[in-house]
Amino acid sequence: MKKIFLYTGGILLFFGIYLLYTKVEKIVPFYTQLTKPHIGTEVNLQPAEQKDAHFVGAKTCKKCHSEKFDAWSHSRHPKMIQDIKKDPKVVVADFSKLPADADFNLSEAVYTVGGKFKQRYMIPAKINGHDDFRLGNYQWNVQTGKWQHFKPWKYWYKDAYPHDNHQLPTSRACDGCHFTGYMKEEKRVDNGISCEACHGPGSNHVKEPENEVYLASLADPVRQNEVCLQCHMRNRDMRLKDHNMSAIYGDARDYPFGYSAGDTLSKYKLPAPFVGKETKEFYANGMGKKNRTQGNEYVHSMMGKHGITCINCHNPHTLAPTAEHNSGNKLCMKCHSFGSLIGPHQSSLEAHTHHKANSKGSLCVECHMPKVGRHTGKSPLTVRSHAFGFVTPKETLKYNMPKETNACYACHKDKSMQSLQNSLEKWGMVSWDKR
Ligand code: HEC
Ligand code: HEC
Ligand code: HEC
Ligand code: HEC
Ligand code: HEC
Ligand code: HEC
Ligand code: HEC
Ligand code: HEC
């Protein structure tokens with residue numbers, strides 16, 4: 001009798017382990033995150049001992065967290081703002097070709113802004129009686145290798161500043177998102193996005209490590225995303241909630257001024273309105289036309305709504321995956337598997353994509369993160385969507401989006417939108433609501 005129990009026990013255990021490895025949904029390890037009780041967006045989550053702390057800068061953190069520091073230092077975040085006087089090599093533009101009507105030259109510029117897709121230049125200026133920075137009237141487009149006009153007042157609060165780039169202070173238009181410390185304290189503590197932008201001010205922690213700093217991954221998914229959304233989401237000055245633009249003339253800010261990680265973002269951030277119609281920032285289905293719309297798109301996506309977060313996909317320190325460091329389908333298959341509850345519902349890659357397994361047409365991001373936005377009006381379409389839901393050729397036309405933003409068309413410019421739609425329908429890959 002005992003033996004039978006032992007044998008059946010053993011067989012059951014073996015079977016259990018087999019099931020665990022083959023049948024259990026890959027999403028299971030994330031269930032604790034998905035089912036975490038939601039904390040109101042109005043609750044400040046910063047540890048009590050952090051609330052009276054100030055910013056100290058990334059170099060101070062390096063002493064005890066050299067591994068995190070190294071990972072971060074190779075990412076783009078610390079490179080957003082770079083000091084030209086310290087290292088002239090940070091300039092990626094060809095200044096010998098700077099057009100004659102430029103209102104700046106290289107020796108006047110102090111900081112570079114960006115450099116991956118485009119580079120802009122910060123020049124010291126007195127604006128409204130304060131020492132501030134203005135932006136040069138030309139920007140370097142890395143993707144086209146050309147100088148092009150830059151009229152920041154055209155994009156940033158046209159009704160809130162004189163139409164003159166000499167009168168548009170970066171302190172109001174940009175610095176909160178590009179320097180660490182500026183958003184909360186109006187101090188340029190670190191150039192670029194450093195530790196305390198996501199962990200909050202660290203002076204008390206540095207004195208005594210038992211004084212905690214904010215760790216976003218301990219919060220529920222909605223609050224977890226806020227550290228990224230403070231910057232990666234288009235917004236409006238909070239005061240526009242109950243004032244009109246003329247009330248904040250010359251002072252409008254394009255970032256959630258006063259916020260620091262762990263605090264309640266909704267108190268400081270008014271997301272750029274998406275009204276179900278095409279605007280200068282979004283298409284009529286909510287997809288971004290420009291860069292820096294990841295958050296606006298993501299909060300409406302199925303994954304965003306179901307508790308998947310930016311850091312489930314992106315390492316917060318290395319930032320991978322990026323276009324250059326993309327692990328292919330491996331990232332998506334961390335949670336998805338064929339024939340699973342969360343999809344894809346077909347039994348294999350080829351059955352889902354209707355392309356050969358080793359074809360580019362079988363890469364998840366190519367169909368689910370199509371390139372829908374541009375970095376500037378003259379840039380190629382390269383900004384990948386974070387809406388994730390598949391957009392059919394029929395929908396692309398319905399929402400008045402350029403054909404090139406459609407995933408199928410982007411690879412099949414020799415086919416008509418109708419024939420691509422037909423293929424999809426023939427494959428049975430269109431839900432009823434998209435027919
Ligand atoms: C003097 C050494 C020291 C310095 C400087 C320091 N830390 Fe820490 N940090 C620690 C130690 C030790 C721990 C682990 C504490 C624990 O687990 O209770 C820690 C933990 C952390 C954690 C994890 C918190 C958690 O709840 O698990 C974060 C995030 C962090 N530090 C960020 C920073 C940042 C940002 C800075 C710079 C502003 C910084 N640290 C500077 C020693 C330091
Ligand atoms: C873009 C936002 C961001 C920046 C910048 C950033 N961190 Fe983090 N960091 C996070 C998030 C989010 C986590 C939680 C990751 C997780 O638990 O998976 C984290 C985790 C940590 C941890 C705890 C790791 C653990 O395993 O418990 C430490 C320590 C830390 N960061 C230190 C730093 C230091 C030092 C810097 C600057 C050199 C830095 N971070 C820059 C967002 C950031
Ligand atoms: C304080 C503002 C700020 C915060 C907070 C922030 N980012 Fe960024 N992020 C930026 C800026 C600015 C860039 C562009 C950097 C550049 O190209 O030089 C960027 C770039 C990136 C990139 C592209 C990297 C590359 O190599 O092209 C990724 C991915 C990214 N951020 C993810 C995140 C995630 C995830 C979080 C939250 C954990 C986060 N960011 C928080 C401002 C921010
Ligand atoms: C609300 C935060 C925020 C504000 C305000 C903001 N940016 Fe950015 N910016 C970002 C983020 C996040 C990215 C990276 C993500 C992306 O490009 O999709 C970025 C990217 C950029 C890049 C491209 C970086 C590269 O390496 O190619 C440039 C250049 C840039 N911003 C310039 C500006 C200028 C100039 C201003 C002010 C007139 C400004 N930004 C205002 C958040 C902001
Ligand atoms: C389901 C996974 C997933 C989630 C969730 C996700 N991303 Fe991404 N993201 C990616 C992938 C994959 C890429 C790179 C695509 C490619 O190959 O170009 C990317 C690219 C980016 C880039 C541009 C990087 C570059 O190379 O220029 C930024 C910025 C970014 N993500 C920010 C965010 C932010 C902020 C969030 C949260 C609101 C977020 N992502 C959520 C998968 C994800
Ligand atoms: C951390 C886990 C996780 C990762 C990683 C992940 N997903 Fe998801 N995904 C989910 C969950 C959970 C859902 C919601 C499924 C549901 O409720 O039906 C989902 C839903 C989706 C949907 C359906 C959305 C819709 O609007 O119909 C698509 C498409 C999708 N994911 C694509 C991707 C792609 C592409 C990647 C890789 C870039 C990826 N996912 C990575 C967990 C994940
Ligand atoms: C050739 C384009 C293409 C590729 C590549 C692709 N998908 Fe899809 N995916 C679709 C279409 C089309 C739909 C159905 C949309 C609808 O029903 O409206 C879909 C639907 C989904 C869904 C929703 C559930 C379902 O089965 O309807 C998930 C989840 C998903 N895909 C994940 C992925 C993942 C993960 C990868 C990479 C392994 C991937 N997809 C690669 C085109 C693609
Ligand atoms: C990233 C590029 C890429 C994307 C996205 C893509 N395809 Fe393809 N497609 C290919 C390649 C490459 C082939 C060649 C055969 C293969 O690899 O299976 C192909 C083959 C085909 C074929 C059969 C051969 C032919 O030329 O008649 C059809 C039909 C097709 N694709 C339709 C679509 C549809 C519909 C979509 C959108 C759901 C789509 N493709 C998305 C790259 C892509």
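**Close-up 1. His 232, a partly exposed residue in a predicted model.** His 232 is partly exposed, with a relative accessible area of 34%. The model shown here and in the other views is predicted. His 77 is buried, because its relative accessible area of 18% falls under the 20% cut-off. Both histidines serve the iron atom of ligand 3.

**Close-up 2. The iron atom of ligand 3 and its protein donors.** The protein supplies two donors, His 77 through NE2 and His 232 through NE2. They lie 2.0 to 2.1 Å from the iron atom. His 77 sits in the loop between helix 4 (66–73) and strand 1 (81–83). His 232 sits in the loop between helix 11 and strand 9 (235–236). The pair therefore ties together parts that are 155 residues apart in sequence. In total, 6 donor atoms surround the iron atom of ligand 3. The angles they subtend run from 86 to 178°, so the arrangement is octahedral.

**Close-up 3. Helix 11 (residues 221–229), a mostly covered helix.** Of its 9 residues, 7 are buried. Pro 221, Arg 223, Gln 224 and Asn 225 belong to the buried set. Glu 226, Val 227 and Leu 229 complete the buried set. Several helices help to cover these buried residues, including helix 2 (31–34) and helix 9 (195–199). Helix 12 (294–298) and helix 14 (310–313) are also among the covering elements.

**Close-up 4. The start of helix 11.** Here Asp 220 meets Val 222. A side-chain oxygen of Asp 220 reaches to within 2.9 Å of the backbone nitrogen of Val 222.

**Close-up 5. The shell around ligand 8.** The shell holds 16 residues. By class, 7 are nonpolar, 5 are polar and 4 are charged. His 355, Ser 359, Cys 408, Cys 411 and His 412 come nearest to the ligand. Helix 19 (407–411) and helix 20 (417–427) each supply at least two residues of the shell. Helix 20 gives the most, with 4 residues.

**Close-up 6. Polar contacts of ligand 8.** Two histidine side chains approach nitrogen atoms of the ligand. In His 355, an N or O atom of the side chain is 2.8 Å from a nitrogen atom of ligand 8. In His 412, a polar side-chain atom lies 2.8 Å from a nitrogen atom of ligand 8. Lys 356 contributes through its backbone: a polar backbone atom there is 3.1 Å from an oxygen atom of ligand 8.

Conventions: Residues numbered from 1 in each chain as written. Chains lettered and ligands numbered in written order. Predicted model: local features only at pLDDT ≥ 70, side-chain atom pairs only at ≥ 80, totals over all residues. Heavy atoms only, no water. Near = heavy atom within 4 Å. Polar contact = N/O pair within 3.5 Å; in protein donor to acceptor, adjacent residues only side chain to side chain. Nonpolar A, V, L, I, M, F, W, Y, C, P; charged D, E, K, R; others polar. Buried < 20%, exposed > 50% of the residue type's maximum accessible area, 1.4 Å probe, protein only. Contact = heavy atoms within 4.5 Å. Donors = N, O, S within 2.8 Å, 3.2 Å for Na, K, Ca; no water. Tetrahedral: all angles 85-135°; square planar, octahedral: opposite > 155°, others 65-115°.
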